[in-house]
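Trainee: Please take one part of this model, the aromatic rings, and go through it closely and slowly. I would also like to know how the surroundings of those rings are arranged.

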Amino acid sequence: MTATKILKKAKSYIGTKDDGNNKVIFNTEYYGRAVSGDAYPWCVVFIWYLFNELGASKLFCGGKKVASCGVVMSEMSAQKLSYKTKPKKGDLAIYDFSGNHKEHTHIGIVSEVLSSTEFKAIEGNTSSTNYTNGGYVLEQKRNINQVNCFIRPKYSAEKEKTVALVENGAIYKYAYKDVIGKSSKNLKSLKKGKKVTPVDGTDDGFGWSKVKYGDITGWIMNKHLDIKGLSEFKKYTLKSDTTAMLVENKKLTDKVKLKKGTKYTLISEIEKGEYKGYCYFKTDGKHYYAKL
């Protein structure tokens, strides 16, 4: 069972709602009869139902019937499947919306990673106003600070799919481009039409994804890939007058003062080397380095 198949099934239930008192198909299947009342919250039951319906019940708490977030965390942590770092598609997220990380009050399945701090998850028994007992299956936007832990069931490996580049591009060591300092090495330049294999769930939310090309694994700009739904470079507006260094022919040429209110496209923030902390960005058809 792959994460993709579980997510496809989860998405098919988005919009499903209970009768206002926890009477819903997932509870009926779990308890073997129609139930209702405050004693039957169903966020965990929804996750149990997904794995059970697809014949992969052993991937969720070893096949046990579980309806408690705390028990899920305990069972899956005992299998050494829990962690607290950046999530991937298909991970289970256990929340404490108070931010105290002392209680386990809700669960969802990660459907999209938006950035290093934000993601989307499909959740049962939620709503826009009541996260933990809202009565709907919805895809919700969440912050990593709301999460006690992520859990990675032992999914089967995804079938790798290659995609062609829609324009000339390059694979870099890290998810950023450092034209001047070269702290993110160009591992391989590729021409339009060359095929690469995306590494599932690695879109960083800022316009970059990890790919494989032969024995090379690195990061490429999403704009080069023929894949719908990938993140794009973020667009911002300067909050104050800013002195920037103009980049021409892979060299820094002039210092330029950009005015407050200038709109720009962030290509990457440099994370290592001589220009660590600088941003590489584009505005009015030109490229610059600056600390923003």
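**The aromatic rings and their surroundings**

Mentor: Tyr 31 has a relative accessibility of 26% and therefore counts as partly exposed, where buried means under 20% relative accessible area, exposed means over 50%, and partly exposed covers what lies in between, using a 1.4 Å probe and protein chains only. You are looking at a predicted model, in which local features need a pLDDT of at least 70 and side-chain atom pairs count only at pLDDT 80 or more, while totals for chains, interfaces and linings use all residues. Residues are numbered from 1 along each chain as its sequence is written, and side-chain values use heavy atoms, with hydrogens and water left out.

Tyr 30, with a relative accessibility of 8%, is classed as buried. To say how two such rings are placed, we use the distance of the centres and the angle of the planes. Rings of Phe, Tyr and Trp (its six-membered ring) pair if their centres lie within 6.5 Å, and planes under 30 degrees apart count as stacked, over 60 as edge-to-face and the rest as tilted. Counted in this way, there are 22 aromatic pairs. In one of them, the ring centres of Tyr 30 and Tyr 31 are 4.8 Å apart and the planes meet at 75°, so this pair is edge-to-face. The rings of Tyr 275 and Tyr 278 are also edge-to-face, because their planes stand at 80°, with the centres 5.5 Å apart. Within that pair, Tyr 275 is buried at a relative accessible area of 12%, whereas Tyr 278 is partly exposed at 22%.

Rings can also join into a group: Tyr 13, Phe 26, Trp 42, Phe 46 and Tyr 49 are linked by ring pairs into a cluster. Phe 46 and Tyr 49 bring us to helix H3, since both are among its buried residues, together with Cys 43, Val 44, Val 45, Ile 47, Trp 48, Leu 50 and Phe 51. H3 runs over residues 43-53 and is mostly covered, with nine of its 11 residues buried; helices here are DSSP runs of H or I with at least four residues, strands are runs of E with at least two, and both are numbered from the N terminus. Just after H3 comes Gly 55, whose phi is positive at about 70°. Further along, in the loop between H3 and helix H4 (69-78), you find Cys 61, which has a positive phi of about 55° although it is not a glycine. Most residues other than glycine have a negative phi. Cys 61 is also buried, at 1% relative accessibility.

Some rings have a charge above them, which is said of NZ of Lys or CZ of Arg when it is within 6 Å of the ring centre and within 35 degrees of the ring normal. Arg 142 lies over the face of Tyr 95, 5.6 Å from the ring centre, and the charged end of Lys 234 sits over the ring of Phe 206 at 5.7 Å from its centre. Tyr 95 has a second residue to follow, Asn 145, as their C-alpha atoms are 8.9 Å apart although the two are separated by 50 residues along the chain. Asn 145 belongs to the loop between strand E5 (136-143) and strand E6 (147-151), and it is exposed, with a relative accessible area of 56%.

Let us return to Tyr 278 by way of Ala 290, which lies in strand E18 (residues 286-290) and is buried, with a relative accessible area of 1%. Leaving aside neighbours within four places in sequence, Ala 290 is in contact (heavy atoms within 4.5 Å) with residues including Tyr 278, Cys 279 and Phe 281. In the loop between strand E17 (279-283) and E18 sits Asp 284; this residue is exposed at 76% relative accessibility, and its phi is near 55°, a positive value in a residue other than glycine.

To set these rings in the whole, the protein has four helices and 18 strands, and buried residues make up 45% of its 292 residues.
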